[in-house]
Structure formats: structure tokens, C-alpha cells
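Hi,

Here is the structure I said I'd pass on. Have a look at it first, then read my notes below.

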Amino acid sequence: MQQTEKPLEMLDQRLHNLDSVVTALEERVMRQPVSFEVACLKCGSIVQVTLTGNARLSTEA
């Protein structure tokens with residue numbers, strides 16, 4: 001039992017660290033607008049789409 005306890009504890013810690021990194025990255029991205037341009041297949045005109053996020057992300061423990 002002790003042989004599996006330490007590796008599981010290490011895996012849990014690594015998953016927690018990964019979750020923290022992903023959450024921090026998501027919060028940074030949500031503060032900045034993301035825009036892209038798409039060309040219409042019929043007329044060739046370019047349409048610019050801009051997405052902005054205004055959300056407060058929180059983690060519940």
C-alpha cells in the first residue's frame with residue numbers, strides 16, 4: 001500500500017500544478033481581445049471578428 005501512496009501523491013501534486021498553470025493562462029487570455037479575419041467565399045470581402053471576455057474566474061476548493 002505504501003508503494004502506491006507516494007506515486008499517487010506525486011501525481012496529485014503534478015495535476016494540481018498543471019491546473020494552476022492552465023487557470024492562470026486562461027485568466028490572461030480572457031483579459032485580452034482575440035480577433036480574426038475571414039474572407040467571404042461568395043464576394044471575397046473580409047469580415048473581421050473580435051471576441052472579448054469580461055469574466056471573473058474563480059476556483060472553488
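Isoleucine 46 counts as exposed, because its relative accessibility is 58% and the cut-off for that word is anything over 50%. Keep in mind as you read that this is a predicted model. You'll find isoleucine 46 in strand 2, which covers residues 46-51. Which residue stands opposite isoleucine 46? That would be alanine 39. If you ignore the neighbours within four places in sequence, isoleucine 46 is in contact with Glu37, Val38 and Ala39.

Now zoom out a bit. The protein has 1 helix and 2 strands, and reading along the sequence gives you the pattern α-β-β. Helix 1 takes in residues 2-30, and strand 1 takes in 34-39. The two strands run antiparallel, with 6 bridges joining strand 1 to strand 2. Together they make a hairpin with 6 residues between the strands, and in that hairpin glycine 44 takes a positive phi near 85 degrees.

How much of the protein is buried? Just 2% of the 61 residues. The exposed area comes to about 6300 Å², and carbon and sulfur atoms supply 55% of that.

Back to strand 2 for a moment, as glutamine 48 sits there too. Is glutamine 48 buried or exposed? Its relative accessible area is 53%, so it is exposed. Setting aside neighbours within four places in sequence, glutamine 48 touches Ser35, Phe36 and Glu37 by the contact criterion. Try finding valine 38 from here: glutamine 48 and valine 38 are 10 residues apart in sequence, and their C-alpha atoms are 6.4 Å apart in space.

Valine 38 itself belongs to strand 1. With a relative accessible area of 41%, valine 38 is partly exposed. It is also one of the residues in a nonpolar patch on the surface, along with Leu25, Val29, Val34, Phe36 and Leu51. Taken together, these residues have about 510 Å² of accessible area. Helix 1 and strand 1 are the elements that each give two or more residues to this patch. Which element gives the largest share? Strand 1 does, with 3 residues. I'd colour the patch residues on your screen to see how they sit together.

Last topic: the cysteines. A disulfide is a covalent bond between the sulfur atoms of two cysteines. How many disulfides does the structure hold? The count is 0. Cysteine 40 is in no disulfide, and the nearest cysteine sulfur to it, the one in cysteine 43, is 3.6 Å away. The picture from the other side matches: cysteine 43 is in no disulfide either, and its nearest cysteine sulfur is that of cysteine 40, 3.6 Å away. Why don't they count as a pair? The two sulfur atoms would have to be within 2.5 Å, and 3.6 Å doesn't meet that, so no disulfide is assigned. As for how open they are, cysteine 40 is partly exposed because its relative accessibility is 32%, while cysteine 43, at 57%, counts as exposed.

That's what I have. Write back if anything is unclear.

Cheers

Conventions
Residues are numbered from 1 along each chain as its sequence is written. This is a predicted model: local features need pLDDT of at least 70, side-chain atom pairs count only at pLDDT 80 or more; totals for chains, interfaces and linings use all residues. Side-chain values use heavy atoms; hydrogens and water are left out. Patches are made of residues with over 30% relative accessible area and no salt bridge: like charges are joined within 9 Å, nonpolar side chains (Val, Leu, Ile, Met, Phe, Trp, Tyr) within 5 Å. Accessible areas come from the Shrake-Rupley method with a 1.4 Å probe; for residues, only the protein chains shown count as cover. A salt bridge is a side-chain nitrogen of Lys or Arg within 4 Å of a carboxyl oxygen of Asp or Glu. Helices (H or I, at least four residues) and strands (E, at least two) are DSSP runs, numbered from the N terminus. Buried means under 20% relative accessible area, exposed over 50%, partly exposed in between (1.4 Å probe, protein chains only). Contact means heavy atoms within 4.5 Å. Two strands pair if DSSP finds at least two bridges between them.
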